[in-house]
Amino acid sequence: IAEELIGRGLKVEFVGSTEELPWVETRLRALGLKGFHRDASTLVVDPTTDVLILDSYSIPMNDLFIKESNWLRVIVLVDDATPKYHGRLYIHCGPETSWLPDSSKVSIRFLSGIEYLPIRESLRKIRKESKEEIPTIVTVAVIGGGSDPFDFCAAILTILKELPENFVATFFMDNPPLALSDKRFRFQKLGIELETFLNHTSLIFTTAGTSSWEFLSCGFPLGIGCAADNQIANYDFLTKNHLAVGVGTHTQASTWEIDRNKVQSLLIDSTNRDLMGRRGIEIVDGYGSKRVVDAILAELV
């Protein structure tokens, strides 16, 4: 969204903590931000001109920084786990949600749908061909999302080690196993190099967060895991509509229950991979950020 705003000549400042994801900070700074702030204390706000785009689960609802009177407009990006923040425009970037704004406020707008999924421009450039070329070796990427806080990569690695199929799997994780003799497995940290790697990928295992929609927009077949409560709606929608194969869930005991047969089937069945890739491109066109920004700017007219 910041990329789209800046592309239209608008000034954008970012407020947030990115220490755990240095590659994200590198990408943000490369966009041409007017300012980058670790916390709100260093940002000077003009309530007659400035717009807040809020995306948070943890900021207290009574925090002065997000108070509506401090801004020209407050725009809130929401999903099922978002607090009932006060705003003028609410946007749910996805297919279904139980989140609804306060019905007593008649002046607000609430937009929801797949058409609002924000996809960065660099991903639109690597949309795969709709027909998968069947490789002699299936090339797999395993990505736990962000810093992989739920150890999804390790859970998929445990299953893949047991399978006899001919594949090469690259795990994007910060702390790979110290010693692994199986030459099918490779490891690297998640960063901006991922997009170059994706050009040669046949199959992706990832969690059912934002990244799953990004990969769908490129036409990649997916095996997805449900890591947290705010991923349940995505997981259910994607699996129910045959846009991805659900391979497992993260339990309350902080362990993964991964379906070995589903993982193996994805490696073997190139026809199903091709069909999923086609459906992904059809349902996510990659221009959601443009629609989000159009909606935000319409609020300012």
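This passage walks through the strands, helices, cysteines and loops of one predicted model.

Because the model is predicted, local features need pLDDT of at least 70 and side-chain atom pairs count only at pLDDT 80 or more, while totals for chains, interfaces and linings use all residues. Residues are numbered from 1 along each chain as its sequence is written, and side-chain values use heavy atoms, with hydrogens and water left out. Helices (H or I, at least four residues) and strands (E, at least two) are DSSP runs, numbered from the N terminus.

A good place to begin is an open sheet of four strands, which has the order S3-S4-S5-S6 and parallel pairing. Two strands pair if DSSP finds at least two bridges between them. Strand S3 (51-54) and strand S6 (109-112) form the edges, each pairing on one side only. On average, neighbouring strands of this sheet are turned by 15° against each other, direction ignored. Axes here are lines fitted to C-alpha atoms, for helices over the stretch in contact, and angles run from 0 to 180 degrees between N-to-C directions. Helix H10 (residues 288-298) packs on the sheet and touches S3, S4, strand S5 (89-92) and S6, where contact means heavy atoms within 4.5 Å. The direction of H10 makes about 170° with that of S5. Within the sheet, S3 and strand S4 (residues 73-77) are joined in the parallel sense by four bridges, and Leu 54 has Val 76 of S4 as its bridge partner.

Another parallel pair is found further along the chain: six bridges join S7 to strand S8 (residues 167-172). In this pair, Ala 141 stands opposite Thr 170 of S8. S7 is mostly covered, with five of its six residues buried; buried means under 20% relative accessible area, exposed over 50%, and partly exposed in between (1.4 Å probe, protein chains only).

Helix H6 (residues 210-217) is likewise mostly covered, as seven of its eight residues are buried. Trp 213, Glu 214 and Phe 215 are among them. After H6 comes Gly 219, whose phi is positive, near 90°.

Two packed helices are described by the angle between their axes and the distance between the axes. For helix H8 (residues 260-268) and helix H9 (residues 270-283), the angle is about 85° and the axes lie 6 Å apart. H8 is therefore roughly perpendicular to H9, a label for angles of 65 to 115 degrees (under 35 counts as roughly parallel, over 145 as roughly antiparallel and the rest as oblique). Leu 266, Leu 267 and Ile 268 of H8 meet Ser 270, Arg 273 and Met 276 of H9 in this contact.

What about the cysteines? The structure holds zero disulfides, a disulfide being a pair of cysteine sulfur atoms within 2.5 Å. The sulfur of Cys 93 cannot bond because the closest cysteine sulfur, in Cys 218, is 17 Å away, too far for a bond. Cys 226 is in no disulfide either, and the nearest cysteine sulfur, that of Cys 153, is 16 Å away. With a relative accessible area of 8%, Cys 226 is buried.

Finally, two loop residues deserve a look. Asp 151, in the loop between strand S7 (138-143) and helix H4 (152-160), has a positive phi near 60° although it is not a glycine. Its relative accessibility is 48%, so Asp 151 counts as partly exposed. Ser 254 is placed in the loop between strand S12 (245-250) and strand S13 (256-258), and its phi is also positive, near 65°. Ser 254 counts as exposed because its relative accessibility is 55%.
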